[in-house]
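Visitor: I am new to this structure and should be grateful for a close look at a single part of it. Would you kindly describe one sheet and its surroundings?

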Amino acid sequence: MFPPSILRVLLAASLCALVFLSACGARSATSTTADFQVVAEFYPLYTTLLNLTAGVPNVHVSNLVPPAVGCPEDYELTPGDVRTLTGAKVFVVNGAGLEGYLGKLASQCPQLQVVDASAGINLLTIDGELNPHVWVSPSLAAQQASTIAAALAKADPAHAVLYEKNGAAYSARLETLATQLHASLSSAPVRQIIAFHDSMPYLARDLGVKILAVVEPAPGQSPSGGELAKVADLVRSASGPVALLTEADVRNPAAEVLSRELGQPLYSLDTVTSGPLDPALAKDAYFKAMQKNLSMLRVALGLKNNPTVAVQTR
């Protein structure tokens, strides 16, 4: 048994320690909740957000749909996704009908502000359905960036000036990219393509290239032998040369069959739905992918003997 004087000292020391630990815990909780958590639905929006939040303090950007999934059509949220979104302030989605799961989020994540990046964009339709692949067009990706920057400025007003500045700079880079692509490909002799997914109409419209047919509108919708034969006849009877374009990172047996049938090469377009998650590498991933696309398109559209135009990544 300690004397009363020693007990008083021990009690005082204990109370001080308790106050210190409580203060540390409060600071820790404050530092965690002070972070502005922003979640990108998938990779192209992740690269955009990394640019829009550059230099903004206490902002954490994460990517929801794994890059290996690619385009999140028919994607279903996992329990881990819901946990991620529960801790987030803003969720940036592509919109244009790409997400079938948004209706569930209002009840699961009531604090979440969902930003539709395609709001205000003049959307194309295929067979009566909206085409969501707007980000493949650099000019429309610029519109998405402006929309997202405005939403971030509203959601985090303390840093509105930084979001607006970053948004203007990144949108300008994308507009410059769109101009470079058009200038480099405007004289291409091949002005018609066969596409093997519905991801190319916006870019084709930018470039003034006509899509004669979309062979496989969505993954898993493989054409029959008869349908492929009709496409082959369409290419043979076309008024001019036709290029065959499919998506990179996705093996397409139907495209390979048609390529062999026509004796024409098959070209792959990078739609920027996958890439490194390391922010240092992902930040310029869109521009690097478009540089590869430009080089590919110059060959596919008949400009292989002409010098290429480099895309500025900075």
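Guide: What follows is an account of one sheet, the helix beside it and the nonpolar cores. Please bear in mind that the model is predicted.

The sheet is open and consists of 4 strands with parallel pairing, arranged in the order E8-E7-E9-E10. Because strand E8 (210-214) and strand E10 (266-269) each have a single partner strand, they stand at the edges, and one side of each is left without a neighbour in the sheet. From one strand to the next, the twist averages 35°.

Within this arrangement, strand E7 (residues 192-195) runs parallel to strand E9 (residues 242-247), and 4 bridges join the two. Ile194, for example, has Leu244 in E9 as its bridge partner. Helix H11 (residues 285-300) packs on the sheet, where it touches E9 and E10. The direction of H11 makes about 155° with that of E10.

In soluble globular proteins, nonpolar side chains tend to be buried together. The largest nonpolar core of this model holds 75 residues. Those that touch the most other members are Leu85, Phe91, Val92, Leu152, Leu174 and Tyr286. Helix H11 contributes the largest share of this core, 9 residues. As for Phe91, its contacts beyond four places away in sequence include Val39, Leu64, Leu85, Tyr101 and Val115. A second core, separate from the largest one, has 14 residues, among them Ile194, Ala232, Ala254 and Leu258. Ile194 thus appears twice in this account: as the bridge partner of Leu244 and as a member of the second core.

Note on methods: Residues are numbered from 1 along each chain as its sequence is written. This is a predicted model: local features need pLDDT of at least 70, side-chain atom pairs count only at pLDDT 80 or more; totals for chains, interfaces and linings use all residues. Side-chain values use heavy atoms; hydrogens and water are left out. Two strands pair if DSSP finds at least two bridges between them. Axes are lines fitted to C-alpha atoms, for helices over the stretch in contact, and angles run from 0 to 180 degrees between N-to-C directions. Contact means heavy atoms within 4.5 Å. A nonpolar core is a set of buried Ala, Val, Leu, Ile, Met, Phe, Trp, Tyr and Cys residues joined through side-chain atoms within 4.5 Å. Buried means under 20% relative accessible area, exposed over 50%, partly exposed in between (1.4 Å probe, protein chains only).
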